[in-house]
Amino acid sequence: MTDVSTVRVAPAVLPKPNDPCWCGSGTKYKKCHRGADAVEARKRGPEAPSRGIRPGVISPMRTVPAHIPRPDYAVSGRPGRFFPPSEVKSPDVIARMRRACKAAAEVMNATAAHVRPGITTDELDAIAHEEYIRRGGYPSPLNYHGFPKSICTSINEVICHGIPDNRPLEEGDIINLDITIYLEGVHGDCSATYLVGRVDPDSERLVQVTRECLMLGIEAVKPGRPINDIGRAIEAHATKNRMGVVRAYCGHGIGERFHTSLQIPHHFDPEAKTIMEPGMTFTIEPMITLGHWHHRTWDDGWTAVTADGSRTAQFEHTILVTDQGAEILTVA
């Protein structure tokens with residue numbers, strides 16, 4: 001094991017070519033680490049600007065009343081290993097998912113009504129938490145692999161998995177609320193991006209195009225067709241509008257498990273050949289950027305941001321594959 005306390009890392013501002021190298025070797029930077037630093041920069045993608053969203057103070061994990069049924073990871077943080085024999089759900093599971101997804105959409109609407117300049121994302125988390133409980137549901141994100149909050153709040157350049165904290169929303173922000181409820185033994189998952197007060201035209205257009213990408217992805221759902229039809233439709237629309245499609249995160253199968261092994265890429269992936277069948281339930285949740293699709297993850301292990309600092313938006317529905325196409329389940 002390496003003792004990290006003895007390892008020197010490159011500074012945020014690198015030396016000029018003829019300056020001494022940052023590593024302390026006494027050699028000029030251009031003859032020492034410049035080549036290696038350039039390789040690392042290419043791996044990471046475009047550099048992010050120094051300004052942007054920064055981590056805030058995270059309040060303690062909220063509690064859920066004992067009478068609320070909870071998923072297997074609620075205490076341990078570790079979901080059990082269970083692989084269903086088929087992604088096609090039974091009529092009973094589908095009926096329960098309709099109710100859970102409707103509840104998720106209701107929690108979304110109730111929480112989004114409070115989005116405004118000055119409110120903190122932790123306050124939004126508290127509102128959503130109470131809305132879950134009011135419906136007899138458990139907040140699916142809470143303690144899932146240790147996630148500390150009941151919703152994800154992703155602002156501006158944060159792609160997904162932003163942790164609610166004490167940062168107040170500011171005029172001109174955009175914020176994604178990601179809501180998932182565990183109710184009647186199944187999960188319902190949705191997200192949407194909202195404008196905070198008046199925003200700039202590029203951000204407003206980003207949100208509109210992202211919503212369109214989601215709907216085009218849903219329209220591409222057809223039984224007998226491969227999953228990659230969804231990503232093909234989304235990527236084509238984003239590219240036409242000169243926007244990027246995040247590739248590191250994708251939609252997923254959902255039902256009695258928060259995430260199943262089924263993955264739904266939002267770009268065209270020729271390897272995504274799974275054939276869609278009636279009775280499948282999964283999320284489609286494109287993350288679209290004003291810049292490049294490269295991402296980085298904060299030290300908290302959750303918060304994913306665009307590598308170039310560009311703004312990003314996301315919309316998500318849980319859908320059911322039907323004989324004709326897709327039914328959106330996450331509607332109130």
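Student: What's the relative accessible area of Glu-235?
Tutor: Glu-235 comes out at 21%, so it counts as partly exposed. Here buried means under 20% relative accessible area, exposed over 50%, and partly exposed in between (1.4 Å probe, protein chains only). The model is predicted, so local features need pLDDT of at least 70 and side-chain atom pairs 80 or more, while totals for chains, interfaces and linings use all residues. Residues are numbered from 1 along each chain as its sequence is written, and side-chain values use heavy atoms, without hydrogens or water.

Student: Which residue forms a salt bridge with Glu-235?
Tutor: That's Arg-247, with the closest N and O atoms 3.5 Å apart. A salt bridge means a side-chain nitrogen of Lys or Arg within 4 Å of a carboxyl oxygen of Asp or Glu.

Student: And where do the two sit?
Tutor: Arg-247 is in the loop between β6 (244–245) and β7 (251–252), and Glu-235 is in helix α5, 12 residues away along the chain. Helices (H or I, at least four residues) and strands (E, at least two) are DSSP runs, numbered from the N terminus. Arg-247 is partly exposed as well, at 37%.

Student: How many salt bridges does the structure hold?
Tutor: There are 18. One of them pairs Asp-122 with Arg-62, with N and O atoms as close as 2.9 Å. Those two are 60 residues apart, Asp-122 in helix α3 and Arg-62 in the loop between α1 (34–44) and α2.

Student: Asp-122, buried or exposed?
Tutor: Buried, since its relative accessible area is 17%.

Student: Which residue meets Arg-99 in a salt bridge?
Tutor: Glu-184, at 2.8 Å from N to O. That pair ties helix α2, home of Arg-99, to the loop between β4 and β5, where Glu-184 lies 85 residues away. Both ends are partly exposed: Arg-99 at 41% and Glu-184 at 37%.

Student: Which residues are linked in a network of salt bridges?
Tutor: Lys-102, Glu-106, Glu-131, Arg-134 and Arg-135 are linked that way.

Student: New topic. How many residues has the largest nonpolar core?
Tutor: It has 60 residues, and Ile-230, Phe-282 and Ile-284 have the most contacts inside it. Among the elements that each supply at least two core residues are α2 (91–112), α5 (228–240), β9 (281–284) and β14 (317–321). The biggest giver is α2, with 10 residues. By core I mean buried Ala, Val, Leu, Ile, Met, Phe, Trp, Tyr and Cys residues joined through side-chain atoms within 4.5 Å.

Student: What is Ile-284 in contact with?
Tutor: Leaving out neighbours within four places in sequence, its contacts include Leu-214, Ile-230, Ile-264, His-266, Phe-315 and Ile-319. Contact means heavy atoms within 4.5 Å.

Student: How many residues of β14 are buried?
Tutor: Five of its five. His-317, Ile-319 and Val-321 point one way from β14, while Thr-318 and Leu-320 point the other way. That fits the general picture, because side chains in a regular strand alternate between the two faces of the sheet.

Student: What does β14 pair with?
Tutor: On one hand it pairs with β9 in the antiparallel sense over four bridges, with Thr-283 and Thr-318 as bridge partners. On the other it pairs with β15 (residues 326–328), also antiparallel, over three bridges. Leu-320 has Glu-327 as its bridge partner there, and β14 and β15 make a hairpin with four residues between them. Strands count as paired if DSSP finds at least two bridges between them.

Student: Which strands form the open sheet with β12?
Tutor: The order is β3-β12-β11, with antiparallel pairing. β3 (158–160) and β11 (295–297) are at the edges with a single partner strand each, so one side of each has no neighbour in the sheet. Two bridges join β3 to β12 (residues 304–306), and Val-158 stands opposite Val-305.

Student: Where is Arg-70 found?
Tutor: Arg-70 is in the loop between α1 and α2, partly exposed at 30%. It touches Val-64, Pro-65, Tyr-138 and Tyr-182, not counting residues up to four places away in sequence. Its C-alpha atom is 8.5 Å from that of Ser-140, 70 residues along the chain.

Student: And the whole chain, how many helices and strands?
Tutor: Five helices and 15 strands. Buried residues make up 49% of the 332 residues.
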